[in-house]
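Visitor: Could you take me through one part of this model up close? I'd like a single connected walk rather than a list.

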Amino acid sequence: MTFQVRNNISLQNYTTFGVAATAQNFIEITSTEQLIEVLTFAEQENIHSIFILGGGSNVLFLKDFDGLVIKNSIKGIEKVKEDENEVILSVGAGENWHQFVLFCLEKNYGGIENLSLIPGTVGAAPMQNIGAYGVEIKNVVTNVKVLNRKTKKVEWISNAECKFGYRSSIFKNEAKDKYIILEVEFKLTKQNHTLNTSYGAIKDALETQIATIQNISKAVISIRDSKLPNPKEIGNGGSFFKNPEIATSQFETLKKEFPTMVGYPVSDTTTKVAAGWLIEACGWKGKVVGNTGAHKNQALVLVNYGNAKGEEIWNLAKEIQKSVYNTFGIKIEPEINIIG
Ligand code: EPU
């Protein structure tokens with residue numbers, strides 16, 4: 001056996017919510033070969049409940065996990081191809097996302113600067129098509145290298161096959177639990193970078209600076225620092241809910257009653273509404289409920305003030321969902337992966 005099985009391991013430091021929950025078995029893997037060995041071991045031991053953990057920044061454990069947690073620590077950044085304009089990099093799923101962004105900025109590779117400071121790992125990024133400040137990972141991913149859990153064979157999933165959508169992909173939907181992400185391949189620019197400054201606060205920050213990918217990253221970092229709590233200081237998983245899409249006709253009706261409601265069209269007939277606004281309008285922003293609460297600068301972020309259990313955060317989330325529905329008739333759905 002090239003791996004170590006640990007028992008009753010606390011997951012508190014392995015998830016950014018920092019809630020107390022344990023894993024019955026815990027194995028960290030650093031290569032595809034090791035992962036295949038672990039899956040075979042789990043079969044032999046009749047362990048059917050397996051959870052693949054990356055940076056733990058988008059998961060909330062409601063109770064102790066009665067199964068095997070596999071921490072994916074496959075590392076490495078490899079250049080697959082390059083010409084004078086572009087480079088293709090293949091990156092291990094276990095690489096820290098922000099460290100990878102910094103690596104690219106250092107080399108002047110453009111495309112992911114707007115995604116600076118997003119917690120989590122590279123392998124988790126395609127799962128929910130991470131996005132921020134006008135950019136989504138789907139814009140730069142070419143292929144995803146995965147292990148098919150059933151056949152234990154390596155497969156490549158193309159960008160189109162990933163069926164990326166808003167905070168969604170095949171890995172969260174029809175292929176849920178089918179694959180384990182091993183590497184992600186990115187196509188990035190080496191010059192003539194396409195800069196995305198559509199987000200107001202980035203545009204404002206760049207008025208006094210030269211528009212470079214490095215300065216965009218700096219602006220993003222300062223915006224995030226001002227709005228979002230640092231999970232190292234206050235446990236959280238970023239936005240708890242997705243921004244809901246509703247019929248534009250419903251939005252227009254609501255707007256008459258709530259003129260400051262924030263939303264923007266996503267198609268001819270639908271509008272995406274800012275869930276943070278809805279939650280704030282229901283009075284939750286900055287409210288502390290036991291060990292949890294909705295953050296004071298961004299109501300969409302639910303936090304753990306210290307000793308919250310997963311259940312407590314989830315109960316708050318359900319209360320918030322209910323009040324948003326009762327006030328506006330809009331259902332908000334979690335972005336966070338709830339494991340219960
Ligand atoms: N707003 C409020 N009150 C709040 C929070 C927000 O009124 O408490 C309003 C803001 O004033 C603004 C609008 O809602 O007009 C949108 O707010 P913001 O720009 O902060 O973005 P968001 O829609 O709340 C999304 C992503 C974030 C991403 C930002 C920036 C989702 C679920 N969240 O948040 O992603 O960083 O846009 O692009 O789509 C994450 O997924 O974990 C995450 C942090």
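Guide: Sure, and keep in mind that this is a predicted model. Let's look at the second largest pocket and one of the helices that helps line it. S13 (235–239) gives the most to the lining of the second largest pocket, with three residues. Helix H2 (97–107) and helix H4 (213–227) each supply at least two residues as well. The space in this pocket comes to about 670 Å³, and 26 residues line it. Nearest its centre you'll find Pro119, Gly120, Asn230, Pro231 and Lys232. Sorted by class, the lining has 14 polar, eight nonpolar and four charged residues.

Now stay with H2. Its N-terminal end is capped by Asn96, with a side-chain oxygen 3.0 Å from the backbone nitrogen of His98. That same His98 is one of the buried residues of H2, along with Trp97, Phe100, Val101, Cys104 and Leu105. Look down the axis of H2 and these buried residues fall within an arc of 155 degrees, so they line one face of the helix. The spacing fits a general rule: an α-helix has 3.6 residues a turn, so residues three or four places apart point the same way. And what covers the buried residues of H2? Among the elements doing so are strands S6 (77–82), S7 (86–92) and S12 (179–189), plus H4. So H4 turns up twice on this walk: in the lining of the pocket and in the cover over the buried residues of H2. Finally, step just past the end of H2 and you reach Asn108, which takes a positive phi of about 65 degrees.

Definitions and conventions: Residues numbered from 1 in each chain as written. Predicted model: local features only at pLDDT ≥ 70, side-chain atom pairs only at ≥ 80, totals over all residues. Heavy atoms only, no water. 1 Å grid on protein atoms, 1.4 Å probe; cavity = no way out; pocket = protein on both sides within 12 Å on 5 of 7 lines; lining within 4 Å. Points joined across faces, edges and corners; volume = space filled by probe spheres on them. Helix = DSSP H or I, 4+ residues; strand = E, 2+ residues; numbered from the N terminus. Nonpolar A, V, L, I, M, F, W, Y, C, P; charged D, E, K, R; others polar. Buried < 20%, exposed > 50% of the residue type's maximum accessible area, 1.4 Å probe, protein only. Arc of directions from axis to C-beta. Contact = heavy atoms within 4.5 Å. Polar contact = N/O pair within 3.5 Å; in protein donor to acceptor, adjacent residues only side chain to side chain.
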